[in-house]
Amino acid sequence: MTHRDRSEYKTDSSVMAVCKSVTIPGMTGHVRRNTQQKPDTVIVHEWCWNAQAKHADIVLPAATFLERNDIASSSRDPFLVYMQKAAEPVGQSLTDYEIFSELAEELGAKEAFTEGRDEGQWLQVIYDETRIKAGKSGIDLPNFEDFKAKGWFENPMPKEPRIMLKDFREDPVANALGTPSGKIEIFSETVAGFGYEECPGFPFWSDPKEWLGQDTPEYPLHLISNQPKNKLHSQLDHGSYSRKSKINGREPVVIHPDDAKARNIEDGSLVRLFNGRGACLCSAVVSDQVRPRVLQLSTGAWFDPPQPGVSEVSCRHGNPNVLTRDEGTSRLAQGPSPLTCLVDIELFDGETSGMPLEAFSPPVIKSSKYP
C-alpha cells in the first residue's frame, strides 16, 4: 500500500495549468476561488456552456457520448454494450481522444500518445485485453467484430449465489486475504504508521467538524445537501426536467415549519442561506419532511455568481457548494465531507434587479473567425 499526503497539493505553486475532461460541471469555480491554489490557465472539454465552461480560460468543444464510439460497462450489471455513435460531432467539436491527439501533436508527441492507433483501434485493443482477463475468470466473450455487430454481451448469472469471502472461510490458510496478516484486520499497522491523528489505524468515532452536537455551534441549522432526484449530480441542470423542480428559477430549500415561522418564511419565499464561507439564494419549501433545525438543499444547481462587487450573495441560483467545507474527510481518505455543514437562513430583502439569473445564459461571444 502506498500513500501520498494530498494536502501538499494545496500549496504546490508549480501547477501552472489545469486541463479537465469528463468532470462534473461546477468544480472549476472551486479551483479558481481556492486562495491557495490558483493556476494561471484552466482548460476544459465541454459540450455546452455550463458553469465549468464559463469559469475556464479555454474551452475545447467536445463531442457528447452520442457522437463517439465507445464501450459501456458497469460492475453492478451483467451487460457489456458497444456504443455506436448516433451522429457525427456537431460543428468544430471533437472527441476527447481527438482533442488529446491534436494537443499531443502540437507538443511533438502524437506518436507516443496514440501509438499509431485511432479511436476504433484503441477500442479493439482494450476489448481484446478485457476478453483475455474475462477468459481467466471463466467468462467467454465473443471476438470484437462479433461483439460490435451484435451490440451487446450479457454475462450469464452464476449458477450458485456468491458468498462473501467463501473461499477464505472454508480454508483461511490456503485462501489467505491480501492483508499483511492474510486475515480480516480490524487494526492496520500500515494506516497507523502514517501518524495521522484522524486515522489511528482502527475504527473510531470522530466528531464532525460542524454539527448540532457541538456545545456551541457557530450556526443554528444543519444543512443536508443530498444528491438530486431530477438529474445526476449537476448534469443537464439546464434541461426541462430539472428546471421544472425549481421555484422562480432557483433551487428549492426545504425548511421545517417551526424554523420557517421563527423567520417569517413562507412557501416560495426568496431566502438567503449563509455561513462564514458564502451565501446562496434559494426558494423556500416549508415542510415537516425535515426535522427542526435541519435544511435540505439538493446539490447540482449550476454555480451562478453575481457580478463583482456583490458581497452578500455568492451564488444566485442555489448551489450549496458555496456553503460546504472544501476539505477531505482525512488526509488519507480525502473523501467529500459536505454533510457536515452548519448554516443559517433568512428572508432575502436585498435588491435582486441587479442580480438576474444567468446560470443558463451563454457568455457574449465578442468575435469569431468562424461562421
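These are my notebook entries on the cores, two loop residues and the cysteines of this structure, which is a predicted model.

**Entry 1, the cores.** I began with the largest nonpolar core, which has 24 residues, and looked up which of them touch the most other members: they are Leu273, Leu295 and Ile345. I then traced where the core comes from, and found that strand 7 (221–224), strand 8 (252–255), strand 9 (270–274), strand 10, strand 11 and strand 12 (342–347) each supply at least two of its residues. Strand 10 gives the most, with three residues. In soluble globular proteins, nonpolar side chains tend to be buried together.

I took Leu295 as my example and listed its contacts, leaving aside neighbours within four places in sequence: Leu221, His222, Leu223, Ile224, Val253, Val254, Ile255, Leu273, Val343 and Ile345. I also noted a second, separate core of nine residues, with Leu80, Tyr82, Leu141 and Phe147 among them.

**Entry 2, Pro292.** I located Pro292 in the loop between strand 10 (279–286) and strand 11 (294–297). I wrote Pro292 down as partly exposed because its relative accessibility is 43%. Apart from neighbours within four places in sequence, Pro292 is in contact with His256 and Asp259. I also looked up its separation from Trp211, and the two are 81 residues apart in sequence and 14 Å apart in space, taken from C-alpha to C-alpha.

**Entry 3, Asn230.** This residue sits in the loop between strand 7 and helix 9 (240–243), and I asked myself whether Asn230 counts as buried or exposed. Asn230 counts as buried, because its relative accessibility is 13% and the cut-off is under 20%. Its side chain makes a polar contact of 2.4 Å with the side chain of Ser245, and another, of 3.2 Å, joins it to the side chain of Lys231. Not counting residues up to four places away in sequence, I found that Asn230 touches Tyr241, Ser242 and Ser245.

**Entry 4, the cysteines.** I searched for disulfides and the structure holds zero. Cys48 is in none, and the nearest cysteine sulfur, in Cys315, is 16 Å away. I noted Cys48 as buried, because its relative accessibility is 15%.

I then turned to Cys280 and asked why its sulfur forms no bond with the closest cysteine sulfur, in Cys282. The two sulfurs are 3.9 Å apart, whereas a disulfide needs them within 2.5 Å, so the pair is too far apart for a bond. I recorded Cys280 as buried too, with a relative accessible area of 0%.

How values were computed. Residues are numbered from 1 along each chain as its sequence is written. This is a predicted model: local features need pLDDT of at least 70, side-chain atom pairs count only at pLDDT 80 or more; totals for chains, interfaces and linings use all residues. Side-chain values use heavy atoms; hydrogens and water are left out. Helices (H or I, at least four residues) and strands (E, at least two) are DSSP runs, numbered from the N terminus. Buried means under 20% relative accessible area, exposed over 50%, partly exposed in between (1.4 Å probe, protein chains only). Contact means heavy atoms within 4.5 Å. A nonpolar core is a set of buried Ala, Val, Leu, Ile, Met, Phe, Trp, Tyr and Cys residues joined through side-chain atoms within 4.5 Å. A polar contact is a pair of N or O atoms within 3.5 Å; within protein, one must be able to donate a hydrogen and the other to accept it, and residues adjacent in sequence count only if both atoms are side-chain atoms.
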